[in-house]
Amino acid sequence: MPTRSRARSPVVLFLSASVGEGHTAAAQAVCSALSDRVPGALCEVVDSYRYASNVFHRVASNGYIGIVKLLPQLYKFAYDQAERATKISAFKTWLHRYTALNLRQLVTDLHPDVVVCTHAFPCGVMAEYKREFADAPPVVGIVTDFVVHPFWIHRNIDKYAVATSAMRQTLVARGVATPRVQVTGIPIDCRFAQATSKRRARQLIGVAPDMTTLLLMGGGLGIGPLEKALIAMDALDAQVQIVVVVGKNQSLEKRLRDVARNLRHRVKVAGFVQNVYDYMRAADVLVSKPGGLTSSEALVAELPIIMWRPLPGQEERNTRYLEERGVGIRVERSRELTEALDELLDSPVALEKMRRNARGLAHPQSAQAVASIVEGLWARRRPVSAAD
């Protein structure tokens, strides 16, 4: 009598990119949600730049931060030009194909049931891979901002997970089949959805439980003039405590600790932390760059955002989205930062309105929604087999 063979555990390859921490964090959030849904699922998170040319890898991984910090207008020009382009350049096509060929051995050895891309570059690479190899697995693209750059758009990607319905409309207008695009929100750690009181969260991160708390963040790499922001926040007359999370920038962490010793308000400086959800739940207002992951986390935490000097390109687009929906305020100068915080802290009604607006935009189950897409793709691709 035929018996069912035991199917191997599903394997999912996540292709990220080493430009900031957000793309990898999104991959890890979906991987965690997928493991909860499908016990035994195997996830492999890989930096796609490792398979590009050595020169491109060095420039993209190491040069990105330098360019946006030292030559922001150059980055803005390049981003805007690429955004208006109607065709993919010959160089990008070559680079996608070159990287796709380099990925062939990894994909063959790992034999993933689904490939998930959390950055536009690997999404383009896998679009080329699917054209090159008939046995290519299905591919999911997770857009990790509130806008879709044209570099994301390929008609042969099996599924897209996007943050907003407007992004869905953009993809469909550019030729992506409607059923292939799903509004999920940007995937974040499921622990952001946990209900933790501000008092309890403040106790967990080691600050006074009953004091108004301002959170200053510079992303995983500690980008931005955080020293100026901290000094501007210290100019507030209100009784507040300030928590600074600087990410992996150890030299900046040391400088901020030195600065904090001479400030009037209580300041806690932390480096890279795993429990960002506790820090956001503890805060009344967030001062940060408006990266896609950070902004999505803040929305779920119902945390008003002061967007401090957003970088050109995607951060400017995110800023516009958050401003228009009443959850964020953009500031460029130190005095503007102090004034914006003064006004917010002096108006509980305005703060509550921003929290309410954030609640309406939040996707607390975003990672689970994307995991469901992935699960559906591998389940359809791997029917249960029978053995004699």
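Select Val244 and Val269 in this predicted model: Val269, in strand S10, is the bridge partner of Val244. Widen the selection to strand S9 (residues 240-245) together with S10, and 5 bridges appear, paired in the parallel sense.

Next, display the whole sheet. It is open and consists of 6 parallel strands in the order S10-S9-S8-S11-S12-S13. The edges are strand S10 (266-270) and strand S13 (328-331); each has a single partner strand, so one side of each lacks a neighbour in the sheet. Ignoring direction, neighbouring strands are turned by 20° against each other on average.

Now add the helices. H8 packs on the sheet and touches strand S8 (212-217), S9, S10, strand S11 (285-288) and strand S12 (305-308), and its direction makes about 165° with that of S8. H13 lies across S8, S9, S11, S12 and S13, and runs at about 175° to S12.

Hide the strands and keep helix H8 (residues 226-234) and helix H13 (residues 334-345). Their axes come within 8 Å and cross at roughly 45°; the two helices are therefore oblique to each other. The crossing is right-handed. To see the contact, select Lys228, Ala229, Ala232 and Met233 of H8, with Ser334, Leu337, Thr338 and Leu341 of H13. By class, this contact has 5 nonpolar, 2 polar and 1 charged residues.

Finally, centre on Ser334, in helix H13. Ser334 counts as partly exposed because its relative accessibility is 27%. Beyond its neighbours within four places in sequence, Ser334 is in contact with Lys228, Ala232 and Trp308. A C-alpha to C-alpha distance drawn from Ser334 to Leu230 gives 9.2 Å, although the two are 104 residues apart in sequence.

Notes
Residues numbered from 1 in each chain as written. Predicted model: local features only at pLDDT ≥ 70, side-chain atom pairs only at ≥ 80, totals over all residues. Heavy atoms only, no water. Axes fitted to C-alpha atoms, helices over the stretch in contact; angles between N-to-C directions. Helix = DSSP H or I, 4+ residues; strand = E, 2+ residues; numbered from the N terminus. Parallel < 35°, antiparallel > 145°, perpendicular 65-115°, else oblique. Left-handed = near helix turned anticlockwise from the far one by under 90°. Contact = heavy atoms within 4.5 Å. Nonpolar A, V, L, I, M, F, W, Y, C, P; charged D, E, K, R; others polar. Buried < 20%, exposed > 50% of the residue type's maximum accessible area, 1.4 Å probe, protein only. Pairing = 2+ DSSP bridges.
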